[in-house]
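The following exercises are to be worked with the sequence and the coordinates at hand. Each task is followed by a stepwise solution.

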Amino acid sequence: MLRRFTQVDVFASGRPYTGNALAVVIDGEGLSTEEMQSFARWTNLSETTFLLPPTTGEADYRVRIFTPDTELPFAGHPTLGSCHAWLEAGGEPRKEGQIVQECGAGLVLVDATDAGLAFRTPPLVRSGPVEEELLEQIVESLCITREDVVDAEWVDNGPGWVGVLLKDAEAVLALRPRTVPHDIGVVGPYPEGSPCAFEVRAFFPSQGSTVEDPVTGSLNGSLAEWLLRTGRAKAPYVAAQGTAIGRAGRVDISVGSDDAVRVGGDVITCVTGHVEL
């Protein structure tokens, strides 16, 4: 069966091929979990999504999110990219200016403004201090010392992130990790007055090696909650990610009148067509 397909660049810095690619199968209904996982493995992108009819009257559409290895309950760049693809394919939200996405983590609100799309970060499922044994493993895998870590905390809003704060962006860009033991988000500040407030890098283990994600919305959202709560950041701000691997991702962080953190960025359609699934 031919199904509508698009590939988008999420968190691009104003031009295509600078952010994080996402494959979206727009007509996902009828596919089995195994078929979805097989296709996601074939695309070999960090995530592939499948759009489906919602199962609740509150949602505008439902999405399933797959890495090449597993299904995720929530992820940031697939949320923005899937919403962009749904709207571009003719989707009409029930409420003007607000799209409700249903995913494994529940309902996620996406605001559609003149500045673009921005999702409201879902509640953290785990927060607080990182166990010292795990932190020691993380430090060793990052090839740094315990003294290099300014702070560390669980910042898990679905994928399982551990946040590690280093003294500055230069220290973040200098990292050359070995195999990491867990999904890790590392962040460091740029000097005041710089175009970006922070540099972010995301590492996760896959088949015995470490993979670096180009630009990561879920991580930037949970890091923002942590940094804002501890007074280390002021909203709005822009975070850079992907610099170390030749990308130029830009993530816009803001806080709405409801005090919810919003994560936004450019989404650019790069490929459209059909796939046989």
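**Exercise 1: Cysteines**

In this predicted model, the structure holds zero disulfides. Determine why Cys83 forms no such bond, and then examine Cys270.

*Solution.*
Step 1. A disulfide is a covalent bond between the sulfur atoms of two cysteines. The criterion applied is a pair of sulfur atoms within 2.5 Å.
Step 2. For Cys83, the closest cysteine sulfur belongs to Cys103, at 12 Å, and is therefore too far for a bond.
Step 3. Cys83 is also buried, its relative accessible area being 0%.
Step 4. Cys270 takes part in no disulfide either, since the nearest cysteine sulfur, that of Cys83, lies 17 Å away. Cys270 is partly exposed, at 26% relative accessible area.

**Exercise 2: Nonpolar cores**

Identify which residues touch the most other members of the largest nonpolar core, and state which helix gives the most to this core.

*Solution.*
Step 1. The core comprises 44 residues, and Leu80 and Tyr237 touch the most other members.
Step 2. Helix H5, residues 217–229, gives the most, with five residues.
Step 3. Apart from this core lies another, of 19 residues, including Val139 and Trp154.
Step 4. Beyond four places in sequence, the contacts of Tyr237 include Ala224, Leu227 and Ile253.

**Exercise 3: Helix H5**

Compare the span of H5 with the expected value, and establish how many of its residues are buried.

*Solution.*
Step 1. The 13 residues of H5 reach 18 Å from first to last C-alpha, close to the expected 18 Å.
Step 2. Ten of the 13 residues are buried, among them Ala224, Trp226 and Leu227.
Step 3. After H5 comes Gly231, with a positive phi near 75°.

Technical notes:
Residues numbered from 1 in each chain as written. Predicted model: local features only at pLDDT ≥ 70, side-chain atom pairs only at ≥ 80, totals over all residues. Heavy atoms only, no water. Core = buried A, V, L, I, M, F, W, Y, C linked by side-chain atoms within 4.5 Å. Buried < 20%, exposed > 50% of the residue type's maximum accessible area, 1.4 Å probe, protein only. Helix = DSSP H or I, 4+ residues; strand = E, 2+ residues; numbered from the N terminus. Contact = heavy atoms within 4.5 Å. Expected span 1.5 Å × (residues − 1).
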